[in-house]
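Please work through the following exercises with the sequence and the model side by side, trying each task before reading its solution.

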Amino acid sequence: QLAALSQVLRLERSRRTGIVFPLQKLERYLAPGTDTARFRLFQPGLAALQRAEALFRPDRGHSIDYVSSAVRMDHAPPPALPEVCFIGRSNVGKSSLIRALFSLAPEVEVRVSKTPGHTKKMNFFKVGKYFTLVDMPGYGYHAPQDFVEMVEAYLQERRNLKRTFLLVDGVVGLQKTDHIAVEMLEEFGIPYVMVLTKIDRASKGVLLKNVLEIQEFVKENTQGCFPQLFLVSSLEFSGVHLLRCFVAHVTGNLPTVEAS
């Protein structure tokens, strides 16, 4: 039910804030005087959240479709629309998050497997005439054999790529393979943002520790990473509405974002 913003708005205020802005909900657990400016860099108002949700809701004149899969760039669909891609370790919850983003379009099939590393190809989803979303294979132990060639070629050649979403497990935080992914994105000069997944599975203490460590890492070691971390739970829909809004924004479909 919480896939729709209208349902979230019916909740009492504290729970509503926790669903839409989960990062801000952690502020109460911080030491007094802690700088929280990076918690609120992207803080859209209700109108912007609603406009973004409309992009993820199909209707008669607006369809959301799985387009195709590709293992090589010459198999990828033409780069006609602004594009975002989602990358992360195997079993980080990437396909589950994409399914949550598309939950208002249940006819769109996003395969979610219990077996890590199920995604072996680049899967392209077209959101009307507005943008394309790409589900990339997971890296790490279960990565496809030609993962590096596939992903590096995509990141370097895809001229319509507007933002890469690097997913990190909220329970375990940044891992060695995530550092390698960051180095690759930094080397190629690709603008990206980090998304902390599975936040419903992490205790408040673990989640806060990982958030602060990652934000410090981003501040000290990156140039292409958006300074604000995004927190999501595909199960509870925490952060999903905000992420939809950020996708709409970076693809040029939400040029003005009002502060609430």
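The exercises below concern a predicted model, and they go from its cavities to single residues in its loops.

**Exercise 1. Find how many cavities of 30 Å³ or more the structure holds, and describe the lining of the largest cavity.**

Solution. Begin with the count: the structure holds two cavities of 30 Å³ or more, and the largest cavity has a volume of about 80 Å³. Next, collect the residues that line the largest cavity, which are F21, P22, L23, Q24, F39, F42, Q228, L229, F230, L231, G239 and L242. Then place these residues on the secondary structure: α3 (22–25) and β7 (230–231) each supply at least two residues of this lining, and α3 gives the most, with three residues. Finally, sort the lining of the largest cavity by class, which yields nine nonpolar residues, three polar ones and no charged ones.

**Exercise 2. Describe the second largest cavity by its volume, its lining residues and the classes of those residues.**

Solution. The volume comes first, and the second largest cavity holds about 30 Å³ of space. Its lining is made up of M194, I214, Q215, V218, C225, F226, P227, Q228 and L229. Helix α8 (residues 204–221) provides the largest share of this lining, namely three residues. When the lining of the second largest cavity is divided by class, seven residues are nonpolar, two are polar and none is charged.

**Exercise 3. Take P227 from the lining of the second largest cavity and work out where P227 lies and what P227 is in contact with.**

Solution. First locate P227, which sits in the loop between α8 and β7. Then consider its accessibility: the relative accessible area of P227 is 29%, and because this value falls between 20% and 50%, P227 counts as partly exposed. Now look for residues that are distant in sequence, where P227 and F39 are 188 residues apart along the chain, while their C-alpha atoms are 8.7 Å apart in space. To finish, set aside the neighbours of P227 within four places in sequence, and the contacts that remain are R38, L41, Q215 and V218.

**Exercise 4. Decide whether N160 is buried or exposed, and identify the backbone oxygen that lies 2.6 Å from a polar atom of its side chain.**

Solution. Start from the position of N160 in the loop between α6 (147–157) and β5 (161–169). Its relative accessible area is 7%, so N160 is buried, the cut-off being under 20%. The backbone oxygen in question belongs to L81, and it lies 2.6 Å from a polar atom of the N160 side chain. L81 also appears in the list of contacts of N160 outside its neighbours within four places in sequence, which consists of P79, A80, L81, P82 and E83.

**Exercise 5. For N91 and F237, state the value of phi, and decide for each residue whether it is buried or partly exposed.**

Solution. Take N91 first: it is not a glycine, and yet it has a positive phi of about 75°. N91 lies in the loop between β2 (83–88) and α5 (94–101), and with 48% relative accessibility it counts as partly exposed. Turn then to F237, a residue other than glycine whose phi is also positive, near 70°. F237 is found in the loop between β7 and α9 (240–250), and at 14% relative accessibility F237 counts as buried.

Methods. Residues are numbered from 1 along each chain as its sequence is written. Side-chain values use heavy atoms; hydrogens and water are left out. On a 1 Å grid over the protein atoms alone, a cavity is a set of points where a 1.4 Å probe fits but cannot get out, and a pocket is an open set with protein on both sides within 12 Å along at least five of seven lines; lining residues have an atom within 4 Å of a point. Grid points are joined across faces, edges and corners, and a volume is the space filled by probe spheres set on the points. Helices (H or I, at least four residues) and strands (E, at least two) are DSSP runs, numbered from the N terminus. Ala, Val, Leu, Ile, Met, Phe, Trp, Tyr, Cys and Pro count as nonpolar, Asp, Glu, Lys and Arg as charged, and the others, Gly among them, as polar. Buried means under 20% relative accessible area, exposed over 50%, partly exposed in between (1.4 Å probe, protein chains only). Contact means heavy atoms within 4.5 Å. A polar contact is a pair of N or O atoms within 3.5 Å; within protein, one must be able to donate a hydrogen and the other to accept it, and residues adjacent in sequence count only if both atoms are side-chain atoms.
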